[in-house]
Amino acid sequence: MMKSAAVLTTSALFAFVSAVFVPLAACDNGSGAVKREPPGSNAGALAAGDPVETLYRDRCSGCHGATGRGDGSLSTTMQVKPRDFTDSAWRATSTDEKVRTAILKGGKSVGGSELMPGSPDLEKRPEVLEPLVKKVRAFQR
Ligand code: HEC
């Protein structure tokens, strides 16, 4: 009996604190002048620490795989297999420029498959795009 009363008090307190402080915080950011990331992606970046790793995990690894071998979970059902970034023949012919274009505009833009989606929003985030290009080109067996 005592225990559940304590739990009740704690959650009531939490509800009170959230009710008071969350709107305050929202008010602070709510001017609309600054465009912010959706809360989900921002939270993920904070949790994982490195925004480039988070981005690769969220947007690329489903197809290209965590180790870049083109063996992500979605790859099994795809008509055109995601590029294996560790493939030495591909590594030899790829350039920063081509990888950057593929990331921004999708596979078709570099003569590949349209199954590879573009991420045009990264054009405005060079601090993430450039390290992502480097990461893609650094995978090797
Ligand atoms: C829906 C699956 C899918 C996702 C998600 C995806 N890709 Fe791809 N990607 C592909 C496929 C399929 C190809 C192969 C295209 C081809 O060779 O025709 C490809 C090709 C590429 C290439 C090779 C371009 C070339 O031919 O030189 C690069 C680089 C690349 N992807 C990077 C990325 C990065 C970085 C991300 C995350 C931002 C990403 N891809 C997300 C499916 C995907």
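**Helix packing and the ligand shell**

Helices H5 and H6 pack against each other at an angle of about 115 degrees, and their axes lie 10 Å apart. Because of that angle, H5 counts as roughly perpendicular to H6. The two helices cross in a right-handed sense. On the H5 side, the contact is built from Asp-96, Val-99, Arg-100 and Ile-103, while H6 contributes Leu-129, Leu-132, Val-133, Val-136 and Arg-137. Sorted by class, the residues that join H5 with H6 comprise six nonpolar and three charged ones, with no polar residue among them. The model described here is a predicted one.

It helps to place this pair of helices in the protein as a whole. The protein has six helices and zero strands, and read from the N terminus its elements follow the order α-α-α-α-α-α. Of its 141 residues, 11% count as buried. Contacts in the protein can also be sorted by how far apart the partners lie in sequence: among those between residues at least 6 apart, 35% join residues at least 24 apart.

One residue pair, Arg-91 and Arg-137, shows how separate parts of the chain meet. Arg-91 sits in helix H4, which covers residues 88-93. Arg-137, already met as one of the H6 residues in the contact with H5, is 46 residues away from Arg-91 along the chain, yet the C-alpha atoms of the two are separated by 7.0 Å. Is Arg-91 buried or exposed? The answer falls in between: Arg-91 counts as partly exposed because it has 15 C-beta neighbours inside 10 Å, whereas 20 or more would be needed for a buried residue and 12 or fewer for an exposed one.

The surroundings of the ligand bring the helices of the contact back into view. Around the ligand there are 25 residues, of which Cys-60, Cys-63, Gly-112, Ser-113 and Met-116 come nearest. At least two residues of this shell are supplied by each of helix H3 (51-64), helix H5 (96-105) and helix H6 (126-138). Which helix gives the most to the shell around the ligand? That helix is H3, with five residues. By class, the shell consists of 15 nonpolar, seven polar and three charged residues. Helices H5 and H6 thus appear twice in this account: they pack against each other with their axes 10 Å apart, and each supplies at least two residues of the shell around the ligand.

Terms used: Residues numbered from 1 in each chain as written. Predicted model: local features only at pLDDT ≥ 70, side-chain atom pairs only at ≥ 80, totals over all residues. Helix = DSSP H or I, 4+ residues; strand = E, 2+ residues; numbered from the N terminus. Near = placed C-beta within 6 Å. Nonpolar A, V, L, I, M, F, W, Y, C, P; charged D, E, K, R; others polar. Axes fitted to C-alpha atoms, helices over the stretch in contact; angles between N-to-C directions. Parallel < 35°, antiparallel > 145°, perpendicular 65-115°, else oblique. Left-handed = near helix turned anticlockwise from the far one by under 90°. Contact = placed C-beta atoms within 7 Å.
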